[in-house]
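Welcome! Let's look at this structure together and ask how each label is earned.

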Amino acid sequence: QCMGMQEDSRELWFREHPWATTAELAKLLCGRALTATPRLGERNEHHPKGYIVGQRTMAKLSSIDGKTEIVAVEIEVTGLAFRPLKDLAPEDLVECGPAYPNAERVGSILGYFERRTIQPGEMVTVVRFAYRGEPKIAGG
């Protein structure tokens with residue numbers, strides 16, 4: 001069954017934001033240095049964009065406009081942590097990369113993508129993953 005160019009809602013997409021450039025994100029993914037990412041909401045199997053431990057999917061870095069895929073790598077979801085934003089501790093975020101030192105920054109970055117203020121009580125899922133393939137750089 002061919003899905004064409006349709007985006008899989010369970011893929012992990014990454015995009016530049018004010019605290020990390022496309023080049024920095026590409027380096028982290030290609031170096032397998034990023035092994036977790038915070039996502040807004042309780043992203044369990046009941047969520048339309050949710051994840052399941054053991055599930056294999058793709059982690060993809062897109063251009064800032066979201067139109068061009070830059071890096072893609074197969075990953076496996078290894079863990080899910082559900083917390084209200086205000087309860088995220090630095091140890092929850094250590095694998096998320098240097099852009100996420102604390103809960104306040106997580107709120108700023110998620111708010112940037114959602115184009116709104118994220119409230120302290122809103123649920124965040126930290127999706128942990130392991131690399132299962134070689135990162136592929138678009139056009140290379």
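Lys and Arg count as positive and Asp and Glu as negative, while His and the chain ends are not counted. This is a predicted model, where local features need pLDDT of at least 70, side-chain atom pairs count only at pLDDT 80 or more, and totals for chains, interfaces and linings use all residues. Residues are numbered from 1 along each chain as its sequence is written, and side-chain values use heavy atoms, with hydrogens and water left out.

Q: How many positive and negative side chains does the protein chain have?
A: There are 18 positive and 19 negative ones, and the centres of the two sets lie 2 Å apart. Each charge is placed at NZ of Lys, CZ of Arg, CG of Asp or CD of Glu.

Q: Why is Thr125 called buried?
A: Buried means under 20% relative accessible area (1.4 Å probe, protein chains only). Thr125 has 0% relative accessibility, so Thr125 counts as buried.

Q: What makes the link between Thr125 and Gly41 a polar contact?
A: A polar contact is a pair of N or O atoms within 3.5 Å; within protein, one must be able to donate a hydrogen and the other to accept it, and residues adjacent in sequence count only if both atoms are side-chain atoms. A polar atom of the Thr125 side chain lies 2.6 Å from the backbone oxygen of Gly41. The Thr125 side chain also reaches the backbone nitrogen of Arg43, at 2.8 Å.

Q: Which residues does Thr125 touch?
A: Contact means heavy atoms within 4.5 Å. Leaving aside residues up to four places away in sequence, Thr125 touches several, including Pro38, Leu80 and Phe82.

Terms used. Buried < 20%, exposed > 50% of the residue type's maximum accessible area, 1.4 Å probe, protein only.
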